[in-house]
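Please open the structure in a viewer and keep the selection panel at hand. The tour below proceeds stop by stop, stating what to select and what is found there.

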Amino acid sequence: MSRKEKSIELLNKAVADELLAVHQYMYFHFRCDDMGYDLLSGLFKRTAIQEMMHVEQLSERILFLKGEVEMKTSGDVQKIHEPKEMLELATAMEEGSVNDYNAWAQECAANADAVSKKLFETLVAEEEVQQNWTTWRNSEPITWPCNLLNAVKAWPWEPLPRENK
């Protein structure tokens, strides 16, 4: 396998993980919205949108390398109904992405692909921001909603308008 082919393979693995994240976070968005958890629902929706942007960045790099973008998810959406469990899974997903992308950045560097290495490093930084708001574990159950409120206040995008149902 050539160096370029190895980068394309790693980039496509990342696309698959990001597509699963989009689907999982949108599922959480719909569930939280249905249960009346507007703040959490909005955070999941915004995170899904950011993950879509990651798919776009990865896909553009694959196409630049003259590869084929494989639009397949790396797994199935988990049907979780409890917000605490949603946040646990979201945290695990973000931690997994950070670990994978760090390793893949090093692999791209070893294959003399500095641009893909930099892309993975950029994604690590963005995944760590997402991981920060999903992490509730160090909080007592009564305070973790406050952490979410702080995450909403710190989010860099404009609030989403609430639609009438």
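**The nonpolar cores**

In this predicted model, begin by selecting Leu 11, Val 15, Leu 58, Tyr 101 and Phe 120, which touch the most other members of the largest nonpolar core, a set of 20 residues. Colour the helices next: α1 (3-35), α2 (38-64), α3 and α4 each contribute at least two residues to this core. Helix α1 provides the largest share, with six residues.

Now centre the view on Leu 11 and display its surroundings. Setting aside residues up to four places away in sequence, Leu 11 touches Leu 58, Arg 61, Ile 62, Leu 65, Ser 116, Leu 119 and Phe 120. Apart from the largest core lies another core, of 15 residues; select Ala 21, Met 26, Tyr 27 and Leu 40, which are among them.

**The salt-bridge network**

The whole structure contains six salt bridges. Which residues should be selected to see a network of salt bridges? Select Lys 6, Glu 9, Lys 13 and Glu 107, which are linked in such a network.

Start with Lys 6. Its side chain meets that of Glu 9 in a salt bridge, at 3.4 Å from N to O. Both Lys 6 and Glu 9 belong to helix α1, where they stand three residues apart, about one turn of the helix. Is Lys 6 buried or exposed? Lys 6 has a relative accessible area of 19% and is therefore buried, since the limit for that class is under 20%. Glu 9, at 26% relative accessibility, counts as partly exposed.

Follow the network from Glu 9 to Lys 13, with which Glu 9 forms a salt bridge whose closest N and O atoms are 3.7 Å apart. Because Glu 9 and Lys 13 are four residues apart in helix α1, about one helical turn separates them. Lys 13 counts as partly exposed, at 38% relative accessibility.

Return to Lys 6 and select Glu 107 as well: the two form a salt bridge, with the closest N and O atoms 3.4 Å apart. This pair links distant parts of the chain, as Glu 107 is in helix α3 and Lys 6 in helix α1, 101 residues apart. Glu 107 is partly exposed, with 30% relative accessibility.

**The loop after α3**

For the last stop, select Asn 111, located in the loop between α3 (83-110) and α4 (114-134). Asn 111 counts as buried, at 19% relative accessibility. Leaving aside neighbours within four places in sequence, Asn 111 is in contact with Arg 3 and Lys 6. Lys 6 is also a member of the salt-bridge network visited above.

Definitions and conventions
Residues numbered from 1 in each chain as written. Predicted model: local features only at pLDDT ≥ 70, side-chain atom pairs only at ≥ 80, totals over all residues. Heavy atoms only, no water. Buried < 20%, exposed > 50% of the residue type's maximum accessible area, 1.4 Å probe, protein only. Contact = heavy atoms within 4.5 Å. Core = buried A, V, L, I, M, F, W, Y, C linked by side-chain atoms within 4.5 Å. Salt bridge = Lys/Arg side-chain N within 4 Å of Asp/Glu carboxyl O.
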